[in-house]
Amino acid sequence: MKYLKIEENKGYYLSSDGDHKEIDKINKEGLMYLLNQATEEDDFEMDEYQEENIGNPAHKIIYQNIYEKFNGLLSDKNRFKDESNQLYRSALEKYSEVE
């Protein structure tokens, strides 16, 4: 599901009520909703930030900052999952052989 998107030279975010709203209207609750979805959902998608695709200067700044933060978060999320799987793999293999 696409949580950040760019359309008609504007940035939008998906709010908790299921509507895409202009990115300059985002507040603390909107950011928390996006954060929860990014950490819990596997299908968190965003349109890649490209400066030339957003005409509104405020939307550019806000979209770029949110996109970069969530992009880093999603990368770290995958790295953390991989590290956790490797960390507990030997224990899981050891105890699954016991049964």
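In the predicted model, the N-terminal end of helix H1 is capped by Asn27, a side-chain oxygen of which lies 3.2 Å from the backbone nitrogen of Glu29. Helix H1 itself comprises 13 residues, 28-40, and spans 18 Å from its first C-alpha to its last, close to the 18 Å expected at 1.5 Å a residue. Within H1, the residues Gly30, Leu34, Gln37 and Ala38 are buried. Seen down the axis of H1, these buried residues fall within an arc of 100°, and they therefore line one face of the helix. An α-helix has 3.6 residues a turn, so residues three or four places apart point the same way. The face of H1 that is turned away from the buried side carries the exposed residues Lys28, Glu29 and Glu40.

The strands of the model are arranged in an open sheet of 4 strands, in the order E3-E2-E1-E4, with mixed pairing. Strand E3 (20-22) and strand E4 (45-46) stand at the edges, where each has a single partner strand, so that one side of each is left without a neighbour in the sheet. Strands E1 and E4 run parallel and are joined by 2 bridges, and Leu4 stands opposite Met46 in E4.

Between strand E1 (2-7) and strand E2 (10-14) lies a loop that contains Glu8, and Asn9 is also placed in the loop between E1 and E2. Most residues other than glycine have a negative phi. Glu8, although not a glycine, has a positive phi of about 50°, and Asn9, likewise not a glycine, has a positive phi of about 65°. With respect to accessibility, Glu8 counts as exposed because its relative accessibility is 70%, whereas Asn9, with a relative accessible area of 46%, is partly exposed.

Aromatic contacts were also examined, and the count comes to 5 aromatic pairs. In the pair formed by Tyr3 and Phe44, the ring centres are 4.5 Å apart and the planes stand at 10°, so the pair is stacked, planes under 30 degrees apart being counted in this way. Tyr3 lies in strand E1 and Phe44 in the loop between H1 and E4, and the pair therefore ties together parts that are 41 residues apart in sequence. Both Tyr3 and Phe44 are buried. Tyr3 and Phe44 also belong to a cluster in which ring pairs link them with Tyr33 and Phe70.

Terms used: Residues are numbered from 1 along each chain as its sequence is written. This is a predicted model: local features need pLDDT of at least 70, side-chain atom pairs count only at pLDDT 80 or more; totals for chains, interfaces and linings use all residues. Side-chain values use heavy atoms; hydrogens and water are left out. Buried means under 20% relative accessible area, exposed over 50%, partly exposed in between (1.4 Å probe, protein chains only). Two strands pair if DSSP finds at least two bridges between them. The expected span of a helix is 1.5 Å times one less than its number of residues. The arc is that of the directions from the helix axis to the C-beta atoms. A polar contact is a pair of N or O atoms within 3.5 Å; within protein, one must be able to donate a hydrogen and the other to accept it, and residues adjacent in sequence count only if both atoms are side-chain atoms. Rings of Phe, Tyr and Trp (its six-membered ring) pair if their centres lie within 6.5 Å; planes under 30 degrees apart count as stacked, over 60 as edge-to-face and the rest as tilted.
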